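Here's a walk through one chain and the ligand it holds, written for someone who likes to check atoms and distances. Have the viewer open while you read.

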Amino acid sequence: MSKRVLIYKPFERFWHWTQMALIVFMGVTGFEVHGNYTLFGFEKAVQLHNLAAWGLIVLIAFAVFWHFTTGEWQHYVPRGEKISVMLHYYLRGIFKNEPHPYKKTELSKLNPLQRLTYLGFKLLIIPVMVTTGLLMMYDESLGVSFGSVAWWHTLGAFLLVSFFIVHVYMTTTGETVFSNIKAMIVGWEEVED
Ligand code: HEM
């Protein structure tokens with residue numbers, strides 16, 4: 001039997017889509033600053049990138065508060081489950097129509113691979129981007145080398161782009177191509193009882 005449950009709460013959906021929009025925008029302006037193309041013009045791209053950065057920092061502050069006050073952080077803690085089962089499924093099983101090895105529930109909405117990936121995203125990639133970004137903003141007063149910090153920031157940006165591509169592909173591997181994306185828009189999803 002299946003039932004409809006609220007998997008993604010309203011703040012979570014707001015935070016997810018706002019974060020996505022800001023990161024895409026920061027990717028577009030950031031790679032212009034990096035010199036890959038001209039869209040807004042260098043000066044404007046720097047200005048817009050810095051403005052979006054403060055927006056992202058405020059959003060992250062609210063998201064951290066929300067994760068801890070609601071206990072939602074627990075969804076991201078790996079529980080020692082076998083990642084190999086998930087890897088086997090995504091690399092082979094999915095192409096042979098094997099059943100998904102993990103059943104989503106209200107109390108555990110992320111599979112072991114998602115837990116690990118999103119934890120890395122939250123604890124590694126985002127902190128690296130924010131810290132290196134702030135170091136570049138205040139490089140002169142902090143006495144840091146802009147060039148070497150920019151290298152790490154750019155590396156993080158490439159990791160973010162890779163994450164984005166894999167993440168969007170993964171979202172299409174649910175019950176139907178759009179069922180996971182729909183759940184992140186409306187919040188509700190049909191899960192096994
Ligand atoms: C809060 C987070 C972030 C902060 C504070 C920040 C800040 C900055 C700053 C100050 C610069 C240098 C601009 C200049 O030349 O004066 C920069 C460059 C750049 N940013 Fe960010 N950024 C953040 C997030 C991101 C994200 C999410 C991406 C990609 C998705 C990104 C991609 C880039 C790229 C590719 C560059 C060019 C690096 C270079 O070659 O110099 N940034 N960022």
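Of the 193 residues in this chain, 36% are buried. Bear in mind that this is a predicted model. The secondary structure adds up to 7 helices and 2 strands, and reading along the sequence you get β-α-α-α-α-α-α-α-β. The C-alpha trace spans about 60 × 35 × 30 Å along its principal axes. As for how the chain folds back on itself, take the contacts between residues at least 6 apart in sequence: 67% of them join residues at least 24 apart.

**The iron site**

Which residues coordinate the iron atom of the ligand? His49 and His153 do, each through NE2, at 2.0 Å. The geometry comes out octahedral because the 6 donor atoms around the iron subtend angles of 87 to 179 degrees. His49 belongs to helix α2 (residues 42-70) and His153 to helix α6 (residues 146-171), so this pair ties together parts of the chain 104 residues apart in sequence. Both His49 and His153 are buried.

Zooming out a little, 24 residues surround the ligand, and the ones that come nearest are Met26, Gly30, His34, His49 and His153. Three of these histidines have a side-chain N or O atom paired with a polar ligand atom, as listed here:

| Side chain (N or O atom) | Ligand atom | Distance |
|---|---|---|
| His34 | oxygen | 2.4 Å |
| His49 | nitrogen | 2.8 Å |
| His153 | nitrogen | 2.9 Å |

So His49 and His153 turn up twice: they coordinate the iron, and their side chains also sit at the listed distances from ligand nitrogen atoms.

**Helix α6**

The helix that carries His153 deserves its own look. α6 has 26 residues and runs 36 Å from its first C-alpha to its last, close to the 38 Å expected at 1.5 Å a residue. Its buried residues are Val149, Ala150, His153, Thr154, Gly156, Ala157, Leu160, Phe163, His167 and Thr171. For the spacing of such a list, it helps to recall that an α-helix has 3.6 residues a turn, so residues three or four places apart point the same way. What do the buried residues of α6 pack against? Their partners are α1 (10-33), α2, α4 (112-137) and α7 (179-186).

**Two loop residues**

Just past α6, Thr173 sits in the loop leading from α6 to α7. Is Thr173 buried or exposed? With a relative accessible area of 13%, it falls under the 20% cut-off and therefore counts as buried. A polar atom of the Thr173 side chain lies 2.7 Å from the backbone oxygen of Met170. Leaving aside residues up to four places away in sequence, Thr173 touches Tyr90, Ile94 and Asn180.

His100 is in another loop, the one between α3 (83-91) and α4. Its relative accessibility is 25%, which means that His100 counts as partly exposed. The side chain of His100 reaches the backbone oxygen of Tyr102 at 3.1 Å. Again not counting residues up to four places away in sequence, His100 touches Met86, Tyr89, Tyr90 and Asn111. For Met86, 14 residues from His100 along the chain, the C-alpha separation is 8.5 Å. Tyr90 links the two loop stories, since Tyr90 is among the contacts of His100 and among those of Thr173.

Key. Residues are numbered from 1 along each chain as its sequence is written. This is a predicted model: local features need pLDDT of at least 70, side-chain atom pairs count only at pLDDT 80 or more; totals for chains, interfaces and linings use all residues. Side-chain values use heavy atoms; hydrogens and water are left out. Donors are N, O and S atoms within 2.8 Å of the metal (3.2 Å for Na, K and Ca); water is not among the atoms, so sites may look incomplete. Four donors count as tetrahedral if all angles lie between 85 and 135 degrees; four count as square planar and six as octahedral if opposite donors are over 155 degrees apart and all others between 65 and 115; anything else is irregular. Helices (H or I, at least four residues) and strands (E, at least two) are DSSP runs, numbered from the N terminus. Buried means under 20% relative accessible area, exposed over 50%, partly exposed in between (1.4 Å probe, protein chains only). The expected span of a helix is 1.5 Å times one less than its number of residues. Contact means heavy atoms within 4.5 Å. A residue is near a molecule or strand if one of its heavy atoms lies within 4 Å of it. A polar contact is a pair of N or O atoms within 3.5 Å; within protein, one must be able to donate a hydrogen and the other to accept it, and residues adjacent in sequence count only if both atoms are side-chain atoms.
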